[in-house]
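Reader: I'm new to this, and I'd like to know how the labels people put on a structure get justified. Could you walk me through some?

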Amino acid sequence: MKVALGTANFNSMYGVNNKKIDKEELKKIINYCLKNKIYYLDTADAYNNYKLIKSFDLKKFKIITKLSNPKKIKISNLKNHIINNLKNLLRNLNIKQIHGLLLHDVRQMKANKLKVMIQILKYLKKKKLVKKIGISSYKLKDLKIVKENNLDIIQFPLNVFDQRIIREKDIIYLKKRKIELHVRSIFLQGLLLKKSEKIPNYFNTWKKEFLDFESFSKKLKMSKLELCTNFIKLQQIIEMVIVGVEDKKQIQLICRQFNKKSHKIDYDLFAQRDNKLILPYTWKVNAKR
């Protein structure tokens with residue numbers, strides 16, 4: 001299981017904490033990643049942080065990025081638009097190839113446009129401008145897109161509360177076809193690590209669920225961070241886990257947990273089905289996707 005550094009908060013406020021990383025702290029995080037062989041950066045054009053990423057030495061890093069829905073571009077102009085943007089990105093970052101290029105939040109794309117976008121991704125892969133292609137999604141039904149188009153990657157949320165992807169029968173298909181599962185939001189944008197009294201009022205509806213998880217942590221004498229990372233380590237289907245941090249100390253703690261031996265723990269009781277809890281884009285708080 002590889003670890004990738006999420007970059008959503010590199011250049012903007014992000015998550016429940018709505019916090020942006022200080023540039024000096026960011027340098028410490030990047031240096032730590034290099035020393036500890038974390039060579040993947042997960043970004044997106046929607047994050048608007050390519051210029052900041054460019055300021056770091058990218059020789060050892062592999063970039064995974066996501067394309068937003070180009071709403072104002074006509075379908076007939078999509079190919080040239082995306083190719084030109086990608087070539088400019090490669091030039092600006094001074095790299096020859098993007099490791100992974102994903103379509104960002106495909107639920108916003110109409111069927112005909114999605115079809116064209118996937119064809120463009122395949123063209124870019126054939127031209128070796130991109131090594132692997134796929135989608136970033138919140139919806140289980142999007143697994144069908146991966147299957148039907150023989151894509152390489154699906155990026156999906158997975159955490160103690162949101163266990164949908166590992167309970168889906170099509171997950172077996174991914175493994176057989178060697179389609180990579182990259183998981184994000186392993187701490188539910190930090191919510192699962194917060195003390196219950198510090199969780200925003202919006203989540204009061206699920207106060208019991210958070211208290212139960214907190215009690216479970218105390219009962220097992222394991223931190224919430226350890227419980228969350230242990231849950232991920234138990235899922236052998238995962239190829240890559242994307243983590244977002246606010247400072248060097250956090251990435252150190254997370255890496256330390258991933259290097260520990262996993263413990264067999266039953267997490268079934270914590271699985272939630274309420275989309276208003278597990279899908280951040282539905283939240284009525286200051287959190288971005």
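Reader: What makes the pairing of Asp42 and Lys66 a salt bridge, and are the two residues buried or exposed?

Author: Keep in mind that this is a predicted model. Asp42 and Lys66 are both buried. Their side chains meet with N and O 2.7 Å apart. The cut-off for a salt bridge is 4 Å between a side-chain nitrogen of Lys or Arg and a carboxyl oxygen of Asp or Glu, so 2.7 Å qualifies.

Reader: Where in the chain do Asp42 and Lys66 sit?

Author: Asp42 is in strand S2 (residues 40-42), while Lys66 is in strand S3 (residues 62-67). With their positions 24 residues apart, the pair links distant parts of the chain.

Reader: What ties strand S7 to strand S5?

Author: That would be Glu180 and Lys132, whose closest N and O atoms are 2.3 Å apart. That falls within the 4 Å limit, so the name salt bridge applies. Glu180 belongs to strand S7 (residues 180-184) and Lys132 to strand S5 (residues 130-136), so the pair ties together parts 48 residues apart in sequence.

Reader: Why is Glu180 called buried?

Author: Its relative accessibility is 11%. Buried means under 20%, so Glu180 gets that label.

Reader: Why are Glu24 and Lys27 called partly exposed?

Author: Glu24 has 49% relative accessibility, and Lys27 has 36%. Partly exposed covers what lies between buried, under 20%, and exposed, over 50%, so both values land there. The side chains of Glu24 and Lys27 also form a salt bridge, at 3.6 Å from N to O. Both residues lie in helix H1 (residues 23-35), three residues apart, or about one turn of the helix. By this rule, the salt bridges come to 11.

Reader: Okay, on to rings. How many aromatic pairs are there?

Author: The count comes to 11 aromatic pairs.

Reader: How do you know how the rings of Phe213 and Phe270 are arranged?

Author: You look at two values: a pair of aromatic rings is described by the distance of the centres and the angle of the planes. For Phe213 and Phe270, the centres are 5.6 Å apart and the planes stand at 80°. Centres within 6.5 Å make a pair and planes over 60 degrees apart make it edge-to-face, so this pair is edge-to-face.

Reader: Where are Phe213 and Phe270 in the chain, and why are they called buried?

Author: Phe213 is in helix H8 (residues 207-220), and Phe270 is in the loop between helix H10 (248-258) and helix H11 (275-278). They are 57 residues apart, so here too the pair links distant parts of the chain. Phe213 has 1% relative accessibility, and Phe270 has 9%. Both values are under 20%, so both residues count as buried. Phe213 and Phe270 also belong to one aromatic cluster, whose members include Phe161, Tyr202, Trp206 and Trp283.

Reader: Which residues make up the patch of positive charge on the surface?

Author: Lys79, Lys87, Arg91, Lys126 and Lys127 gather there. Helix H3 (residues 78-93) supplies the largest share, three residues.

Reader: What makes Lys87 and Lys127 fit for a patch?

Author: A patch residue needs over 30% relative accessible area and no salt bridge. Lys87, in helix H3, has 41% relative accessibility, so it passes the area part and counts as partly exposed. Lys127 has 49%, so it passes that part as well and is also partly exposed. Lys127 is placed in the loop between helix H4 (111-126) and S5. Lys127 and Gln97 are 30 residues apart in sequence, with their C-alpha atoms 10.0 Å apart in space.

Reader: Last one: what is notable about phi at Leu188 and Gln189?

Author: Leu188 has a positive phi of about 50° although it is not a glycine, and Gln189, not a glycine either, has a positive phi of about 55°. Leu188 lies in the loop between S7 and H8, and Gln189 is found in that loop too. Relative accessible area is 0% for Leu188 and 15% for Gln189. Both are under 20%, so both residues are called buried.

Technical notes: Residues numbered from 1 in each chain as written. Predicted model: local features only at pLDDT ≥ 70, side-chain atom pairs only at ≥ 80, totals over all residues. Heavy atoms only, no water. Patch = residues over 30% accessible without salt bridge, like charges linked within 9 Å, V, L, I, M, F, W, Y side chains within 5 Å. Areas by Shrake-Rupley, 256 points an atom, 1.4 Å probe, with all protein chains shown as cover. Lys, Arg positive; Asp, Glu negative; His and termini not counted. Charge placed at Lys NZ, Arg CZ, Asp CG, Glu CD. Helix = DSSP H or I, 4+ residues; strand = E, 2+ residues; numbered from the N terminus. Buried < 20%, exposed > 50% of the residue type's maximum accessible area, 1.4 Å probe, protein only. Phe/Tyr/Trp six-rings, centres within 6.5 Å; stacked < 30°, edge-to-face > 60°.
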